[in-house]
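Here are some worked exercises to go through with the viewer open. Try each task yourself before you read the solution under it.

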Amino acid sequence: MSQTEDRSAPPSPTPRSAAVNHPPLKLLELSPENVYGKCQALAGNLWWSWHPEVADLFRELDPIRFRQLDHNPIALLAEFTPERLEARAAELVLHSRINHAYRRMKEYLAADNTWSTVHAGVLGSKPVVYFSAEFGIHESVPIYSGGLGVLAGDHVKSASGLGIPLVAVGLFYKQGYFKQQLDLDGYQHEEYLHSRVETLPLEPAIGTDGAQVTVAIETRSGQIRAQLWKMAVGRVSLYLLDSDVEGNTPEDRQLTGRLYGGDNRIRIRQELVLGVGGVRAIRALGIVPGVYHLNEGHSVFATLEAVRVRMARDGYSFDDAVRKVARQTVFTTHTPVPAGHDRFDGGLMEEHLGPMRDALGISHDHLMGLGRVDPGNHGEPFCMTVLGLKFSRRANAVSALHGHVSRRMWKDLWGSHVEEEVPIGHITNGVHVPSWLSAQMLQLYDRLFPANWFRRLGEPDVWQRIHDCDPGELWETHYALKNLLLQFVRRRLARQCRRRGESEATVEAALKVLDPNVLTIGFARRFATYKRADLVLGELDTMARLVGDPDRPIQLIFAGKAHPADEPGKGLIRKIANLRHDPRFAGRVVFVEDYDINVCRHLIQGVDVWLNNPRRPLEASGTSGQKVVLNGGLNCSILDGWWAEAFDGRNGFAIGRGETHADPAVTDARDAAALYDVLEKEVIPLFYERDADGLPRTWIKMMKNSISSLAWRFSSHRMVMDYARACYVPAAGGLSCDMHAR
Ligand SMILES: *Cc1c(COP(=O)(O)O)cnc(C)c1O
């Protein structure tokens, strides 16, 4: 008798015997034959997170709890008994949808006719090992802080979609990045979560010896240990190192607790666990890496461990082992300012890498020299990026402009005076289309685009079809998305007011902010100084005039976190948040707390305009604007990062013409003037220029230009295909087509 039939039988009059007849609970939970088992299987692989129809299944089970639980399906299912879930699914008639989703996931995981089979076959059984200090996959897994993490998450998802043999390595931050709350005065407070392994899609990573993998790393001041967890992201396994294990000092048990929370000593210990521990963990799993891809400098110690293994196992000299490892290594740099790169002094290096250099048979000076631009300069600290550039045959920046900046920044490393000779290429970042595309736009594309378009995201022809779209239909779809965004913002603001104990009248007012017919500008990102969140508020009187214009008003939605130690950043947030007390801006300029993947998804799907005004050239790429493109919003941006190569005069708006002045204050003033200029002369008139049907025809044309010219180019599928062709395949020993690489 199947368990389903068992439970649909009339309740037994004698509960005790019914209990005896029941299969053991554990068995019931794990069986993929029943609703509970299938839901658990779906929740256990983050594949569900880029399939909105599967997320909807979880949501429908209990919409309020799902929201309260950060859309975490494992935590949600834990609140159901199998019996109650079965009853709830029957009540909502979810069975066939659950079955369908489960079957689709199974098929996806089993498919072998992927892009990679044809184009990256050489990787075969030797996968790419992709290292990153953070991964932003979904809001319910808080092991990311911002763009770098979300990029890594999108990279992993596209590698899964393309079928690239890739495993990922990161750290398990039990407390993750913080939750942001503003007090009555608009001041940011940080609240740290305590994730429980049981409510995350984690399982112990089992090594070749049949036990959970643990690694140990010697330092001069003792041993650091870490255990390994595994998280399934579609076809990709993401392995996370966790130092909260017995045997570690209390201090080291906290080591992987928080992202970017500590001082330089904590930082080097984290990076030791990530890089050296990561390579050891991969070996303990029985995986033989074909390629090492180091996403930013944090994981560069991995190369030292790989060299050590080559020397110990294959008998190579240090120099030969370095050459071998470098050939396999791809290094991606993300930081356009010298000060942004991790640097460690000789003391920290000797304490943490001393045993490693003993094994490598090199002196302290030799090791330090590997991390210096000028190896003989004893005043120069050890820089992770320098080691990364020296120990990788292929290195890249993340946009064309950032490529120039990086080559200029590191040219001394090659003793070169000519930027063109510096062997750092670029592969521009992109975003994972299924993760960021709204269900509404997906439906519209499904109607317009060729049948298998979702498999051809990187092809321009596919996206040209948007020009056939009825302008009214595109505008209505966008309007619906905008309304959803406004509802989200109002709900969030009301919740913020209630938490702060504000009056019922204030809560009521929060539920009425913003107007769907008003030009809506979104600005959301980390509150790092160079991103200049307050540029648009530089001249408050001008802003007040634009916001309060009786015929053509604008409204702004802000969000973003400041680093806990960044007081100026927190000051900016307070300044913006407190505009709600200024009658000129009340209800028209709002600040939504706790920017994360969820808040980002709502914003980028509903805004008319996405504002991006970093101090050029400090935004290496930026990706949030690429998410906006997919959903029909327009970018208004400084010509920096990806926008410098994306803007063509017809697919959005440029602030200024890409000039910078040696004095940042002058640059800021000029950029602010250029920003007001483009808003007043281009953005606002175009948005309010309506035809007899009330449609902004030229604006809609620009939306179409934006989608058709940008969506295919700035997808992470295109990005990962570029990495595969230009880096992974040649690094693994396949035929080279080194267009970006050395
Ligand atoms: C996409 C994303 C980012 C990256 O945005 P930028 O354009 O680099 O500012 C940062 N944080 C979150 C939560 C995101 O989803």
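**Exercise 1. A pair of positive phi angles**

Task: Decide whether His71 is buried or exposed, and compare that with the burial of Asp70.

Solution.
- Step 1: Start with His71, which has a relative accessible area of 10%. The cut-off for buried is under 20%, so His71 counts as buried.
- Step 2: Place His71 in the chain: it sits in the loop between α6 and α7.
- Step 3: Check the backbone. His71 isn't a glycine, yet its phi is positive, at about 60°.
- Step 4: Now take Asp70, in the loop between α6 (63–68) and α7 (73–77). Asp70 isn't a glycine either, and its phi is positive too, near 55°.
- Step 5: The relative accessible area of Asp70 is 22%, so Asp70 falls in the partly exposed class.

**Exercise 2. How far to trust the model**

Task: This is a predicted model, so find where pLDDT stays under 50.

Solution.
- Step 1: Look at the chain as a whole. The average pLDDT is 93, and 95% of the residues score at least 70.
- Step 2: Go to residues 1–30, where pLDDT stays under 50. The model has 28 contacts beyond four places in sequence for this stretch.
- Step 3: Do likewise for residues 736–742, where pLDDT also stays under 50. Here the model has 22 contacts beyond four places in sequence.

**Exercise 3. Domains and a pocket**

Task: Split the chain into domains, then work out what lines the second largest pocket.

Solution.
- Step 1: The domain assignment gives domain 1 as 18–115, domain 2 as 123–429 + 721–731, and domain 3 as 433–714.
- Step 2: Take the C-alpha centres of domain 1 and domain 3; they're 35 Å apart.
- Step 3: Turn to the second largest pocket, with a volume of about 1200 Å³. It has 38 lining residues, and Tyr108, Gly161, Phe454, Arg455 and His717 are the closest to its centre.
- Step 4: Sort the lining by element. At least two residues each come from α5 (52–61), α9 (95–110), α10 (115–119), α11 (147–162), α20 (433–436), α21 (439–448) and α32 (716–731). The top contributor is α32, with five residues.
- Step 5: Sort the lining by class: 17 nonpolar, nine polar and twelve charged residues.

**Exercise 4. Enclosed space**

Task: How many cavities of 30 Å³ or more does the structure hold, and which residues line the largest cavity?

Solution.
- Step 1: Recall the idea behind the search. Rolling a probe the size of a water molecule over the atoms shows where empty space is left.
- Step 2: Count the cavities: there are six of 30 Å³ or more. The largest cavity holds about 80 Å³ of space.
- Step 3: List the lining of the largest cavity: Ala133, Leu171, Tyr173, Leu259, Tyr260, Arg267, Gln270, Glu271, Leu274 and His298.
- Step 4: Trace the source. Helix α13 (residues 264–284) supplies the largest share of this lining, four residues.
- Step 5: By class, the lining of the largest cavity splits into six nonpolar, two polar and two charged residues.
- Step 6: Leu274 also turns up among the contacts of Ser299, which touches Phe131, Leu274, Gly275 and Leu294 when residues up to four places away in sequence are left out. Ser299 is in the loop between β9 (291–295) and α14 (301–314). Its relative accessible area is 1%, so Ser299 is buried.

**Exercise 5. Burial in a loop and in a helix**

Task: Which residues does Ile466 touch, and what do the buried residues of α25 pack against?

Solution.
- Step 1: Find Ile466 in the loop between α22 (460–464) and α23 (471–499). With a relative accessible area of 0%, Ile466 is buried.
- Step 2: Leaving out residues up to four places away in sequence, Ile466 touches Leu444, Tyr445, Leu448, Phe449, Lys704, Ile707 and Ser708.
- Step 3: Pick one partner. Tyr445 is 21 residues from Ile466 in sequence, but their C-alpha atoms are 7.6 Å apart in space.
- Step 4: Move to helix α25 (residues 540–548), whose buried residues are Thr542, Met543, Ala544, Leu546 and Val547.
- Step 5: These buried residues of α25 pack against β16 (554–559), β17 (589–592) and α30 (664–688).

**Exercise 6. A cis peptide bond**

Task: Where is Pro617 found, and which residue does a cis peptide bond join to Pro617?

Solution.
- Step 1: Pro617 is in the loop between β18 (609–612) and α28 (624–630).
- Step 2: The cis bond joins Arg616 to Pro617, with omega about 0°.

Note on methods
Residues numbered from 1 in each chain as written. Predicted model: local features only at pLDDT ≥ 70, side-chain atom pairs only at ≥ 80, totals over all residues. Heavy atoms only, no water. Domains from an automatic or database assignment. 1 Å grid on protein atoms, 1.4 Å probe; cavity = no way out; pocket = protein on both sides within 12 Å on 5 of 7 lines; lining within 4 Å. Points joined across faces, edges and corners; volume = space filled by probe spheres on them. Nonpolar A, V, L, I, M, F, W, Y, C, P; charged D, E, K, R; others polar. pLDDT = per-residue confidence, 0-100. Contact = heavy atoms within 4.5 Å. Buried < 20%, exposed > 50% of the residue type's maximum accessible area, 1.4 Å probe, protein only.
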